[in-house]
Amino acid sequence: MKPLLEVTGLSKHYPVRTKLWKFRNLVAADDVSLTVQAGETLAIVGESGSGKSTVGKCILRLEAPTSGHVVLDGQPISELSEVEVRSLRAQMQMVYQDPLESLNPRHKVGKLVAEPLLLHGIVSRKEVRKRVSELFHLVGLGSEHIDRYAHTLSGGQQQRVGIARALATSPKLLVLDEPTSALDVSVEAQILNLLQDLQRRMKLAFLLISHDLAVVSMLADRVAVMYLGQIVETGPTRDILASGYHPYSRALVSATPVDHPHQRKVRIALDGEPTSPIDPPQHCRLEPRCPFALPVCREQVADLKQAEERRFTRCIRFNREHVNGSWDPDASVQPGIAKPRAG
């Protein structure tokens, strides 16, 4: 089946001025390729600064990619002009991390939801209030909320307004940028349940950007793990969270809190901070922090290779040892202690 969204070789570089008044490239995203099927949820996970949000903005053309191709439902977004992209934007919308920041405080929330309806000519001005009322009902809000301002609503209600606005144009794809990180736990569960229900009813595709693996496990069908602008592993959510192949994937999962001490996984600690995204090394970018790094990891480029059906990983050591059946990253790792570097 042809994917709804297909991203190939997407890169985004920002010129940064150094102390010597020279420009260098900050690599926010580097050769990112991914697909999302209709009705599917793909989650992009990783540390802050890994490039997750940049990829989402480039897909929506809120940022112009440096290189690469983005195709939505057969239409090449990356090759269209700004005017042409506007007509496509109805098919792809974004739900933002901070709902209050994304809502204009000078206008009532009903007007904010009505704007895309009028901008894209979906309904006439006579019918707009009726449609806004239907959208509010769809996300669990009453018509009495239409004439209120965003600051008078709770955090959960604000995010419901943000979702209603995103759904106004009947999109095929929603980019969810940390959609529950600003909410408390009980409200977070309500919003996640709402998103699941909307996806089933409207056959929406989600691109979920998150660092919360509990949210990812609830919503996502597949996961793409990003580190320093690159995708280092992709695969079904259950497989990645249960047994990631890439050391970075395993480190993320092992750092996740568990409900019971007996469920605690082997902790894989990474040394230090991530390498600077300004002109990053061409060899494995995790190598300076990786407890499993080999000498060859400092010399060769780590390519994203297929490990098994529907799973890909960017790890030189895994690609070598998985072939001969000797890959066992937990063999000499103690909980909370990083394995010494090999070689």
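This is a short guided tour of a predicted model, with a suggestion at each stop for what to select next.

**Stop 1: strand 7 and its neighbours**

Start by selecting strand 7, residues 173-177. Are its residues buried or exposed? Five of the five are buried, and the strand is mostly covered. Show the side chains and you will see L173, V175 and D177 pointing one way, while L174 and L176 point the other way; all of these are buried.

Now add strand 6, residues 92-95, which pairs with strand 7 in the parallel sense over four bridges. To find your place in this pairing, pick M94, whose bridge partner in strand 7 is V175.

Next, bring in strand 8, residues 205-210. Strand 7 and strand 8 run parallel and are joined by five bridges. Here L174 is a handy marker, with F206 as its bridge partner in strand 8. To follow the chain between these two strands, select helix 6, residues 185-202: the path leaves strand 7, passes through this helix and arrives at strand 8 in a right-handed β-α-β crossover.

**Stop 2: two backbone angles along the crossover**

Stay with this part of the chain and look at the loops on either side of helix 6. Most residues other than glycine have a negative phi. In the loop between strand 7 and helix 6, select E178. E178 is not a glycine, yet its phi is positive, at about 50°. With a relative accessible area of 8%, E178 is buried.

Then move to K203, in the loop between helix 6 and strand 8. K203 is also not a glycine and has a positive phi of about 55°. Is K203 buried or exposed? K203 is exposed, with a relative accessible area of 64%.

**Stop 3: the open antiparallel sheet**

Select strands 2, 1, 4 and 5, in that order. These four strands form an open sheet with antiparallel pairing. Which strands are at the edges? They are strand 2 (23-36) and strand 5 (75-76), each of which pairs on one side only. Zoom in on strand 5 and you will find two bridges joining it to strand 4, residues 67-72, with the two strands running antiparallel. V71 has P76 in strand 5 as its bridge partner.

With the sheet still displayed, add helix 1, residues 52-59. Helix 1 packs on the sheet and touches strand 1 (5-17), strand 2 and strand 4. The direction of helix 1 makes about 115° with that of strand 1.

**Stop 4: the nonpolar cores**

Switch to side chains and select V132, F136, V161, I163, L167 and L174. Within the largest nonpolar core, which has 64 residues, these touch the most other members. Which element gives this core its largest share? That is helix 6, with six residues.

Centre the view on V161 for a closer look. Setting aside neighbours within four places in sequence, V161 is in contact with L103, V109, V113, F136, L141 and L153. Apart from this core lies another one, of 29 residues; its members include A29, V85, L173 and A224.

**Stop 5: two aromatic pairs**

Searching the whole structure turns up two aromatic pairs. For one of them, select Y227 and Y248: this pair is tilted, with 4.7 Å centre to centre and 55° between the planes. Y227 sits in strand 9 (residues 222-227) and Y248 in helix 9 (residues 247-254), so the pair ties together parts 21 residues apart in sequence. Y227 is buried, at 2% relative accessible area, and Y248 is buried too, at 1%.

Now select Y245 and F318. Their ring centres are 4.6 Å apart and their planes lie at 20°, so this pair is stacked. Y245 is in the loop between helix 8 (237-242) and helix 9, while F318 is in helix 10 (residues 316-324), and the pair links these distant parts of the chain, 73 residues apart. Y245 is buried, with a relative accessible area of 12%, and F318 is buried at 1%.

**Stop 6: a hairpin**

Finish with strand 11 (residues 305-308) and strand 12 (residues 311-313), which run antiparallel and are joined by three bridges. K305 stands opposite T313 in strand 12. Two residues lie between the strands of this hairpin, where R310 takes a positive phi near 70°.

Methods. Residues numbered from 1 in each chain as written. Predicted model: local features only at pLDDT ≥ 70, side-chain atom pairs only at ≥ 80, totals over all residues. Heavy atoms only, no water. Pairing = 2+ DSSP bridges. Buried < 20%, exposed > 50% of the residue type's maximum accessible area, 1.4 Å probe, protein only. Right-handed = clockwise from strand over helix to strand, strands pointing away. Contact = heavy atoms within 4.5 Å. Axes fitted to C-alpha atoms, helices over the stretch in contact; angles between N-to-C directions. Core = buried A, V, L, I, M, F, W, Y, C linked by side-chain atoms within 4.5 Å. Phe/Tyr/Trp six-rings, centres within 6.5 Å; stacked < 30°, edge-to-face > 60°.
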